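Trainee: I'd like a close look at a single part of this structure, taken slowly. Could you pick one helix and walk me through what surrounds it?

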Amino acid sequence: SRTQPDDLKKDVFTLLKRMDAKEPYIAYIKEGIAEVRVNLFNEKGRSFPREYKSVLEYCIKKMKLRYDKRVVSSAMKLWEDIANGIADDNILVKRVDAWAAALEYCTCYNLSIPVYKKDICQAYNISLYQLNRIVEVMKIYLPKRKK
């Protein structure tokens, strides 16, 4: 609608994206009709290292094979929090595969989904040591676990 503020429309686009609604979205923005695509990873206008985006893309690619959309969406939201935290602390992502595996594990942990670390290590072809090391870093930035 022409009468709704653009900020409200942006919030609606974000929610649509998180619900996996097909893009592009059509909206009336700044006195004209526009096609809109949403990049959830860079919502706050912040620029991140390329590897941060690669972690999310790889994790989503792997998780879509084994989990429903709700779990994958939770991983995306969780990565936003973690990525902002590690970026603030200038933490480098050297092994995209290991970070993606740790993100999957932390997502499952946060949602109380039973998962074995050895299965995640196998899916991402990483060692248990690598997974444990990055999970410990990620735990610093995790929101409180849902009961």
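Mentor: What follows is a walk around helix 5 and then out to its surroundings.

Keep in mind that this is a predicted model. For orientation, the chain has 6 helices and 2 strands, and along the sequence they run α-β-β-α-α-α-α-α. Of the 147 residues in the chain, 41% are buried. Take the contacts between residues at least 6 apart in sequence: 63% of them join residues at least 24 apart.

Now to helix 5 itself, which covers residues 117–124. Which of its residues are buried? Ile120, Cys121 and Tyr124 are. Looking down the axis of helix 5, you'd find these buried residues within an arc of 100°, so they line one face of the helix. That fits a general rule: an α-helix has 3.6 residues a turn, so residues three or four places apart point the same way. Turn to the face pointing away from the buried side, and you meet Lys118 and Gln122, both exposed.

What covers the buried residues of helix 5? The cover includes helix 2 (50–63), helix 4 (96–110) and helix 6.

Let's stay with helix 6 for a moment, which spans residues 128–139. Helix 5 and helix 6 pack at an angle of about 105°, and their axes are 9 Å apart. Anything from 65 to 115 degrees counts as roughly perpendicular, and therefore that's the word for how helix 5 and helix 6 sit relative to each other. On the helix 5 side, the contact is made by Lys117, Ile120 and Cys121, while helix 6 brings Leu128, Leu131 and Asn132. Sort the residues of this contact by type and you get 4 nonpolar, 1 polar and 1 charged. Notice that Ile120 and Cys121 turn up twice in this story: they are buried, and they also take part in the contact with helix 6.

Next, the two ends of the neighbourhood. Right after helix 5 comes Asn125, with a positive phi near 55°. On the other side, the loop between helix 4 and helix 5 holds Ser112. Ser112 isn't a glycine, yet its phi is positive too, near 60°. As a general matter, most residues other than glycine have a negative phi. Ser112 is partly exposed, at a relative accessible area of 40%.

Go back one loop, to the stretch between helix 3 (69–88) and helix 4, and you'll find Asn90. Asn90 also has a positive phi, about 55°, without being a glycine. Is Asn90 buried or exposed? With a relative accessible area of 66%, Asn90 is exposed.

Since Cys121 came up, you may be wondering about cysteine pairs. How many disulfides does a search of the whole structure find? The count is 0. Cys59 is in no disulfide, and the nearest cysteine sulfur, belonging to Cys108, is 8.7 Å away; a disulfide would need the two sulfurs within 2.5 Å. Cys59 is buried, with a relative accessible area of 1%. Cys106 is in no disulfide either, with the sulfur of Cys108 as its nearest cysteine sulfur, 9.5 Å away. Cys106 also counts as buried, at 1% relative accessibility.

To pull it together for helix 5: Ile120, Cys121 and Tyr124 are its buried residues, Lys118 and Gln122 sit exposed on the face turned away from them, and helix 6 packs against helix 5 at about 105°.

Notes:
Residues are numbered from 1 along each chain as its sequence is written. This is a predicted model: local features need pLDDT of at least 70, side-chain atom pairs count only at pLDDT 80 or more; totals for chains, interfaces and linings use all residues. Side-chain values use heavy atoms; hydrogens and water are left out. Axes are lines fitted to C-alpha atoms, for helices over the stretch in contact, and angles run from 0 to 180 degrees between N-to-C directions. Helices (H or I, at least four residues) and strands (E, at least two) are DSSP runs, numbered from the N terminus. Angles under 35 degrees count as roughly parallel, over 145 as roughly antiparallel, 65 to 115 as roughly perpendicular and the rest as oblique. Contact means heavy atoms within 4.5 Å. Ala, Val, Leu, Ile, Met, Phe, Trp, Tyr, Cys and Pro count as nonpolar, Asp, Glu, Lys and Arg as charged, and the others, Gly among them, as polar. Buried means under 20% relative accessible area, exposed over 50%, partly exposed in between (1.4 Å probe, protein chains only). The arc is that of the directions from the helix axis to the C-beta atoms.
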